[in-house]
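Me: I should like to learn how to read a protein model feature by feature. Please begin with a single residue and then widen the view.

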Amino acid sequence: QVQLVESGGGLVQTGGSLRLSCAASGRAFSTLNMAWFRQAPGKEREFVATIHWSGVNTYYVDSVKGRFTISRDNAKNTGYLQMNSLKPEDTAVYYCAARDAAQGVLLATRTAAYAYWGQGTQVTVSS
């Protein structure tokens with residue numbers, strides 16, 4: 001069973017930066033593709049970014065392109081989401097997700113594609 005634990009959330013002003021971390025355990029991290037999703041109050045959980053197990057391929061939702069960077073360190077069993085130029089509309093609970101790299105499409109954006117989820121970390125951007 002894979003466990004995912006997010007950290008790094010907090011309160012930041014508009015234009016500020018945060019780096020989220022996702023620590024994985026229970027399985028070799030290099031066998032998992034991972035992603036970040038977010039959920040704002042009253043809204044559905046939405047895809048933010050995903051990265052292939054190799055770290056070579058990434059994909060982002062349009063609203064964060066050029067501001068967020070997803071990365072991973074398989075040796076440390078940890079994934080990251082660097083968030084720059086934050087906006088109030090980025091305020092949400094951010095979730096780390098993972099799935100078996102051998103199954104499904106190369107880069108998945110649907111929540112149903114991910115079998116493993118963290119508990120979430122709150123990001124609040126003040127205006």
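Me: In which loop is Ala-101 found?

Reply: The model is predicted, and every value below is computed from it. Ala-101 is found in the loop between β9 and β10. The residue that follows in our discussion, Ala-102, lies in the loop between β9 and β10 (116–117) as well.

Me: How should I read the accessibility of Ala-101: buried, partly exposed or exposed?

Reply: The relative accessible area is compared with two cut-offs: buried means under 20%, and exposed means over 50%. Ala-101 has 23% relative accessibility and therefore counts as partly exposed. Ala-102 has 70% and so counts as exposed.

Me: Which residues are in contact with Ala-101, leaving aside its neighbours within four places in sequence?

Reply: A contact requires heavy atoms within 4.5 Å. With neighbours within four places in sequence left aside, Ala-101 is in contact with Thr-31, Leu-32, Asn-33 and Trp-53.

Me: How are separation along the chain and separation in space read together for Ala-101 and Lys-43?

Reply: One states the two separations side by side. Ala-101 and Lys-43 are 58 residues apart along the chain, and their C-alpha atoms are separated by 28 Å. For Ala-102 and Glu-6 the corresponding values are 96 residues and 24 Å. A further pair is Gly-16 and Tyr-80, with their positions 64 residues apart in sequence and 17 Å from C-alpha to C-alpha.

Me: Where does Gly-16 lie, and is Gly-16 buried or exposed?

Reply: Gly-16 lies in the loop between β2 (10–13) and β3. Its relative accessibility is 17%, so Gly-16 counts as buried. Beyond its neighbours within four places in sequence, Gly-16 is in contact with Met-83, Asn-84, Ser-85 and Leu-86.

Me: Ser-85 appears among those contacts of Gly-16. What is the phi of Ser-85?

Reply: Ser-85 is not a glycine, yet its phi is positive, at about 50°. Ser-85 has its place in the loop between β8 and β9 (92–100). With a relative accessible area of 40%, Ser-85 is therefore partly exposed.

Me: Which residue takes a positive phi in the hairpin of β7 and β8?

Reply: In that hairpin, which has four residues between the strands, Asn-77 takes a positive phi near 55°. Asn-77 is likewise not a glycine. Its place is in the loop between β7 (68–73) and β8. At 28% relative accessibility, Asn-77 counts as partly exposed.

Me: How is the pairing of the hairpin strands described: parallel or antiparallel?

Reply: A pairing is described by its sense, its number of bridges and individual bridge partners. β7 and β8 pair in the antiparallel sense over six bridges. Phe-68, for example, has Met-83 in β8 as its bridge partner.

Me: With which other strand does β8 pair over six bridges?

Reply: β8 (residues 78–83) also pairs with β3 in the antiparallel sense over six bridges. Within this pairing, Cys-22 has Gly-79 in β8 as its bridge partner, and Ala-23 stands opposite Thr-78.

Me: Which residue of β3 is the bridge partner of Val-5?

Reply: The partner of Val-5 is Ala-23. Strand β1 (residues 3–7) and strand β3 (residues 18–25) pair in the antiparallel sense over five bridges. One can thus follow β3 to β1 and to β8, and β8 onward to β7.

Me: Why is β8 described as largely enclosed by the rest of the structure?

Reply: The description rests on the burial of its residues. Five of the six residues of β8 are buried, so the strand is largely enclosed by the rest of the structure.

Me: How many helices and strands are there in the protein chain?

Reply: The chain has zero helices and 11 strands. Across the 127 residues, 41% count as buried. Contacts may also be sorted by sequence separation: of those between residues at least 6 apart, 61% join residues at least 24 apart.

Me: What radius of gyration does the chain have, and how does the value agree with that of a compact globule?

Reply: A compact globule with 127 residues would have a radius of gyration near 14 Å; the chain has 14 Å, which agrees. Along its principal axes, the C-alpha trace spans about 40 × 25 × 25 Å.

Me: What remains to be read from the surface and the charges?

Reply: The accessible surface comes to about 6,200 Å², with 49% belonging to carbon and sulfur atoms. The chain carries 12 positive and 8 negative charges, and the mean positions of the two sets are 3 Å apart.

Key. Residues numbered from 1 in each chain as written. Predicted model: local features only at pLDDT ≥ 70, side-chain atom pairs only at ≥ 80, totals over all residues. Heavy atoms only, no water. Pairing = 2+ DSSP bridges. Helix = DSSP H or I, 4+ residues; strand = E, 2+ residues; numbered from the N terminus. Rg over C-alpha atoms; globule rule 2.2 N^0.38 Å. Buried < 20%, exposed > 50% of the residue type's maximum accessible area, 1.4 Å probe, protein only. Areas by Shrake-Rupley, 256 points an atom, 1.4 Å probe, with all protein chains shown as cover. Lys, Arg positive; Asp, Glu negative; His and termini not counted. Charge placed at Lys NZ, Arg CZ, Asp CG, Glu CD.
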